[in-house]
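Welcome! Please take a moment to look over the sequence and turn the model around before reading on.

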Amino acid sequence: MTQSVYTQQAPSSFKLNQTIIANTLFKDEQAIAQAELYSHLESQAEAVAPTQDPLTRRDRRIIGEIIEVQPESVRTIWIEGGITVWVRFINGSCLPFDRDWFAKRVAEVKATFPETPLERNERLSDELEKACAVFGLYHGEIDWLSFSTKLYQDGYFVGFVGCNQQSWYTRPRQYGVNRVAGSAKDVIALLGVRAAVAA
């Protein structure tokens, strides 16, 4: 018995395989070129204005403590409409919190964390600036590791002042006995400097 099978052939002008391959190659090349362009633009933008992480490690620890997640999983936070605090995570998800509740919890958690060296130096520097203003003094460059500096009045050296773990200290010369007090203002007074009088 003979069997006949009917098949229809595509016209000779139709080149299915070549069309698909050519389009695929063109799209791949275009995607690669686009990715290279985006990469180049990002590197140029980073060189002009480096992206700074708005959150410190300590901020992430505080947020992690509040919402009970790993600090490394927190990407950023922002306030929307002055009402809602949004926390975005590394995986892209977000959680909303009431702003007042969140602020209250931040204050509570922050109080339980020890002061960082940077925060300590900033606090001591502010206290020193206020005390120097009272006495009409200025100080030289601060040694941030030991938090100490030289004090001057009208261009003349007055003495050394610093703060260690226990208290503020001062001495009139490079070497000698430290005199201690509870505040920057008190140790400056121990140097014999009188408060500046407003004219």
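Is Glu108 buried, partly exposed or exposed? Glu108 is partly exposed, with a relative accessible area of 36%. Keep in mind that what you are looking at is a predicted model. Glu108 makes a good starting point, as its side chain has a partner: Arg105 forms a salt bridge with Glu108, and the closest N and O atoms are 2.8 Å apart. Both belong to helix H3, which covers residues 99-112. Because they are 3 residues apart in that helix, about one helical turn separates them. Arg105 is also partly exposed, at 24% relative accessibility.

Let us follow the salt bridges a little further. The structure holds 4 of them. Side chains of opposite charge can pair when their charged atoms come close. Another pair joins Glu119 to Arg58, with 2.6 Å between the closest N and O atoms. Glu119 sits in helix H4 (residues 117-135) and Arg58 in helix H2 (residues 57-67), so this salt bridge ties together parts that are 61 residues apart in sequence. The two ends have their own surroundings: Glu119 is partly exposed, with a relative accessible area of 26%, whereas Arg58 is buried, with a relative accessible area of 12%. One more salt bridge links the side chains of Glu115 and Arg123, at 2.9 Å from N to O. Glu115 counts as partly exposed at 39% relative accessibility, and Arg123 counts as partly exposed at 40%.

Arg58 leads us to helix H2. Which residues of H2 are buried? They are Arg58, Arg60, Ile62, Ile63, Gly64, Ile66 and Ile67. The elements that cover these buried residues include S1, S2, S3, H3 and H4. Just after H2, the chain reaches Glu68, which takes a positive phi of about 60°.

Now turn to the strands among those covering elements. S1, S2 and S3 make an open sheet of 3 strands, arranged in the order S1-S2-S3 with antiparallel pairing. Strand S1 (74-80) and strand S3 (94-98) stand at the edges, and each has a single partner strand, so one side of each is left without a neighbour in the sheet. On average, neighbouring strands of this sheet are turned by 20° against each other, direction ignored. Strand S2 (residues 84-89) pairs with S3 in the antiparallel sense over 5 bridges. Within this pairing, Trp86 has Pro96 in S3 as its bridge partner.

How do the helices meet this sheet? H2 packs on the sheet and touches S1, S2 and S3, its direction making about 80° with that of S1. H3, the helix where our tour began, lies across S1, S2 and S3 and runs at about 90° to S3.

Further along the chain is another group of strands. Strand S4 (residues 138-139) and strand S5 (residues 148-153) pair in the antiparallel sense over 2 bridges. Here, His139 has Leu151 as its bridge partner in S5. S5 is in turn joined to S6 by 6 bridges, and these two strands run antiparallel. How many residues lie between S5 and S6 in their hairpin? There are 2 residues between them, and Asp154 in the turn has a positive phi of about 55°. Gln153 stands opposite Tyr156 in S6.

Finally, let us look at the nonpolar cores. The largest one has 19 residues, and those with the most contacts inside it are Leu128, Leu137, Phe147, Leu151, Trp168, Ile188 and Val193. Two or more residues of this core come from each of H4, strand S6 (156-163) and helix H5 (184-190). H4 gives the largest share, 5 residues. Val193 is a good place to zoom in: leaving aside its neighbours within four places in sequence, Val193 is in contact with Phe135, Leu137, Gln153, Val158 and Ile188. Apart from this core lies another, of 13 residues, including Ile62, Val87, Phe97 and Phe102. Ile62 may look familiar, being one of the buried residues of H2.

Methods. Residues are numbered from 1 along each chain as its sequence is written. This is a predicted model: local features need pLDDT of at least 70, side-chain atom pairs count only at pLDDT 80 or more; totals for chains, interfaces and linings use all residues. Side-chain values use heavy atoms; hydrogens and water are left out. Helices (H or I, at least four residues) and strands (E, at least two) are DSSP runs, numbered from the N terminus. Buried means under 20% relative accessible area, exposed over 50%, partly exposed in between (1.4 Å probe, protein chains only). Two strands pair if DSSP finds at least two bridges between them. Axes are lines fitted to C-alpha atoms, for helices over the stretch in contact, and angles run from 0 to 180 degrees between N-to-C directions. Contact means heavy atoms within 4.5 Å. A nonpolar core is a set of buried Ala, Val, Leu, Ile, Met, Phe, Trp, Tyr and Cys residues joined through side-chain atoms within 4.5 Å.
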